[in-house]
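Please open the structure in your viewer and keep the selection panel at hand. The tour proceeds from one selection to the next and states what is found at each stop.

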Amino acid sequence: MRLLVLEDDTTLGPWVEKGLSEAGHVVDLFVNGKDALIAATTQDYNVLVLDRMVPGLDGLSVLKALRQAKVTAPAIFLTALDEVEDRVEGLRAGGDDYLAKPFAFSELLARIEVLVRRQGTVVEQSSKISAGDITIDLHKRSCTRQGQEIDLNPKEFLLLEVFLRSHGRVQTRTMLLERVWDMNFDPTTSVVETHISRLRGKIEKPFGDKLIRSIRGTGYVFEPT
C-alpha cells in the first residue's frame with residue numbers, strides 16, 4: 001500500500017515511517033500540512049495518517065480540504081487530543097478512525113489494515129489504472145493500449161503510472177525526478193527528457209497521436225485521447 005503520514009514530531013514521525021516501511025508499505029512522511037495536502041491531491045494513497053496538531057495547516061484542516069476536493073482515501077488521526085468532542089470533530093471532518101498518543105505501533109498497523117479491508121473491492125480495483133485507451137496493471141507490471149501489449153522497462157512503467165495518476169495535472173521536471181528516480185532537483189541531468197522520449201516512442205508513435213504534452217518552462221501534462 002501507499003501511505004501518507006503527516007507527523008511533525010522528529011522522533012515519532014520517522015518511527016512510524018520505519019515501521020510501516022518494514023511492514024512492506026510505501027510511505028511518504030510529511031512534517032507540515034501544506035506539503036501533505038499537495039501530495040494527497042496530486043497522487044493516490046490507500047490510507048492517510050494525520051497528526052491533528054502540526055504547525056501551519058493542521059491535520060484537521062488538511063482533511064477538510066481533501067474531502068472538499070473529493071479525495072476519498074480513508075484517514076486515521078494520530079493525536080494527543082483525546083476528548084470526546086475532539087474525536088467527534090475529527091470524524092465529522094471526514095476521518096475514519098482516531099488513535100490517541102501514546103500508542104502501540106501494532107495497533108496503528110492493525111487499524112490501517114482494517115481501513116483497507118473496509119475498502120474491499122476499491123483496493124482490488126486499484127491494481128489497474130486507466131486513462132483513455134491506455135491501461136496499466138500494477139500487479140502484473142503490464143501496459144496495454146487499444147488491446148496491444150506495450151513493453152516498458154521499470155522506469156518507463158513508473159513514469160507512465162505517475163502520468164496516469166496525475167488526472168491531467170502538470171508534472172514538473174522536479175516532481176518527476178522525485179517520484180520516479182527518488183532524486184532532488186538536478187539541473188544537469190537529462191534523465192527525465194530521455195525517458196519521456198523513449199516512453200513516447202512506445203505509447204504514441206505506433207498509434208500516430210500524442211498523449212504527453214510538453215509545457216515550455218513548466219513540465220509535462222498527460223492528455224489521453
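The stops below cover a helix and its surroundings, a pair of helices, several salt bridges and one strand residue. The model is a predicted one.

**Helix H8 and its cover**

Begin by selecting residues 173-181, which form helix H8. Its buried residues are Arg173, Met175, Leu176, Leu177, Val180 and Trp181. To see what covers these residues, add helix H7 (154-165) and helix H9 (191-203), together with strands S10 (171-172) and S12 (219-222); the cover includes these four elements. Then move just past the end of H8 to Asp182, whose phi is positive, at about 55 degrees.

**The pair H7 and H8**

Next, hide everything except H7 and H8. Two packed helices are described by the angle between their axes and the distance between the axes. Here the axes come within 10 Å and cross at roughly 125 degrees. An angle that is neither under 35 nor over 145 degrees, and that falls outside 65 to 115, counts as oblique; H7 and H8 are therefore oblique to each other. Their crossing is right-handed.

Now display the side chains at the contact. On the H7 side, select Lys155, Leu158, Leu159, Val162 and Phe163; they meet Leu176, Arg179, Val180 and Trp181 of H8. Sorted by class, this contact has seven nonpolar residues, two charged residues and no polar ones.

**Salt bridges from H7**

Side chains of opposite charge can pair when their charged atoms come close. The count for the model comes to 15 salt bridges, and two of the stops concern residues of H7.

Select Glu156 and Lys202, which form a salt bridge with their closest N and O atoms 2.7 Å apart. Glu156 belongs to helix H7 and Lys202 to helix H9, so this pair ties together parts that lie 46 residues apart in sequence. Which of the two partners is buried, and which is partly exposed? Glu156 is buried, at 2% relative accessibility, whereas Lys202 is partly exposed, at 29%.

Continue to Asp44 and Arg165, where the N to O distance of the salt bridge is 3.1 Å. This pair links distant parts of the chain: Asp44 sits in the loop between helix H2 (33-42) and strand S3 (47-51), and Arg165 in helix H7, 121 residues apart. Asp44 is partly exposed at 35% relative accessibility, while Arg165, at 16%, is buried.

**A salt bridge within H1**

Select Lys18 and Glu22, whose side chains meet in a salt bridge of 2.5 Å, N to O. Both lie in helix H1 (residues 12-22), and because they are four residues apart, about one helical turn separates them. An α-helix has 3.6 residues a turn, so residues three or four places apart point the same way. Glu22 counts as exposed, with a relative accessibility of 58%.

**A network and a buried threonine**

Finally, select Glu7, Asp51 and Lys101, which are linked in a network of salt bridges. Add Thr79, found in strand S4 (residues 75-79). Thr79 is buried, with a relative accessible area of 0%. Leaving aside residues up to four places away in sequence, Thr79 touches Asp51, Arg52, Tyr98, Leu99, Ala100 and Lys101. Among these contacts, Asp51 and Lys101 are members of the network just selected.

Conventions. Residues are numbered from 1 along each chain as its sequence is written. This is a predicted model: local features need pLDDT of at least 70, side-chain atom pairs count only at pLDDT 80 or more; totals for chains, interfaces and linings use all residues. Side-chain values use heavy atoms; hydrogens and water are left out. Buried means under 20% relative accessible area, exposed over 50%, partly exposed in between (1.4 Å probe, protein chains only). Helices (H or I, at least four residues) and strands (E, at least two) are DSSP runs, numbered from the N terminus. Contact means heavy atoms within 4.5 Å. Axes are lines fitted to C-alpha atoms, for helices over the stretch in contact, and angles run from 0 to 180 degrees between N-to-C directions. A crossing is left-handed if the near helix is turned anticlockwise from the far one by less than a right angle, and right-handed if clockwise. Ala, Val, Leu, Ile, Met, Phe, Trp, Tyr, Cys and Pro count as nonpolar, Asp, Glu, Lys and Arg as charged, and the others, Gly among them, as polar. A salt bridge is a side-chain nitrogen of Lys or Arg within 4 Å of a carboxyl oxygen of Asp or Glu.
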